Amino acid sequence: MVKLSKHKTVAFLDIGTNSIRILVIEDYGNESYRILTQQKETVRLGEGEFTDGNLKAEAMHRAVVVCQKFHQLAKTFGSDEIIAIATAATREAYNQEEFLDKLLREADLNINVISGREEARLIYLGIVSGF
């Protein structure tokens, strides 16, 4: 009898200062996976933030629209889970909570804002996994 392997479909969303990325995979366990799609859209979330410390309404709107699109894409691929993180622009914004609330309300995404140290660690892991 052939045993079918179980897998889990997971979407990863990275909300950065300039762009938002999505990676959707089928995870077969034991570090085995298959990429279903990966996309990137430039939203310039951090545009003008460094003059007054706030994310601009237009930039937040662009980010929400892309997050809505990527959330729908994840559902289309049958994602069992969406892991969403935000980095520097969101982390440093005075109006971070407003942006996170907007993403939850309008894109149905619960975002984890990661520290600079965690961001650096994940970048390192991404680079070494490419080798």
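Helices of at least four residues and strands of at least two are taken here as DSSP runs, numbered from the N terminus. With that in hand, E1 and E2 can be introduced as a hairpin with three residues between them. Please keep in mind that this is a predicted model.

**The chain as a whole**

Let's begin with the overall picture. The chain holds five helices and five strands, and from the N terminus these follow one another as β-β-β-α-α-β-α-α-β-α. Along the principal axes, the C-alpha atoms fill a box of roughly 65 × 30 × 20 Å. Of the 131 residues in the chain, 37% are buried. The accessible surface amounts to about 8,300 Å², and carbon and sulfur atoms account for 52% of it. As for charge, there are 16 positive and 19 negative charges, and their mean positions lie 5 Å apart. If we look at contacts between residues at least 6 apart in sequence, 59% of them join residues at least 24 apart.

**The sheet**

Now to the strands. How are the five strands ordered in the sheet? They form an open sheet that reads E3-E2-E1-E4-E5, with mixed pairing. Strand E3 (32–42) and E5 are at the edges and have a single partner strand each, so one side of each is left without a neighbour in the sheet. In general, strands of a sheet pair through backbone hydrogen bonds, in either a parallel or an antiparallel sense.

Three of the pairings can be set side by side:

| Strand | Partner | Sense | Bridges |
|---|---|---|---|
| E1 | E2 (residues 19–29) | antiparallel | eight bridges |
| E1 (residues 8–15) | E4 (residues 81–86) | parallel | six bridges |
| E4 | E5 (residues 112–113) | parallel | two bridges |

Individual residues let you trace these pairings by eye. Start at Ile 15, which stands opposite Ile 20 in E2 and also opposite Ala 86 in E4. From there you can step across once more, as Ala 86 stands opposite Val 113 in E5. Elsewhere along the pairing with E4, Val 10 stands opposite Glu 81.

**A closer look at Ser 79**

Where does Ser 79 sit? You will find Ser 79 in the loop between helix H2 (57–76) and E4. A polar atom of the Ser 79 side chain lies 3.0 Å from the backbone oxygen of Ala 74. Which residues does Ser 79 touch, leaving aside its neighbours within four places in sequence? Its contacts are Thr 9, Val 10, Ala 11, Val 24 and Ala 74. Val 10 has thus come up twice, as a contact of Ser 79 and as the residue opposite Glu 81 in E4. Another useful landmark is Ile 25: its C-alpha atom is 8.4 Å from that of Ser 79, although the two residues are 54 apart in sequence.

Technical notes. Residues are numbered from 1 along each chain as its sequence is written. This is a predicted model: local features need pLDDT of at least 70, side-chain atom pairs count only at pLDDT 80 or more; totals for chains, interfaces and linings use all residues. Side-chain values use heavy atoms; hydrogens and water are left out. Buried means under 20% relative accessible area, exposed over 50%, partly exposed in between (1.4 Å probe, protein chains only). Contact means heavy atoms within 4.5 Å. Accessible areas come from the Shrake-Rupley method with a 1.4 Å probe; for residues, only the protein chains shown count as cover. Lys and Arg count as positive and Asp and Glu as negative; His and the chain ends are not counted. The place of a charge is taken as NZ of Lys, CZ of Arg, CG of Asp or CD of Glu. Two strands pair if DSSP finds at least two bridges between them. A polar contact is a pair of N or O atoms within 3.5 Å; within protein, one must be able to donate a hydrogen and the other to accept it, and residues adjacent in sequence count only if both atoms are side-chain atoms.
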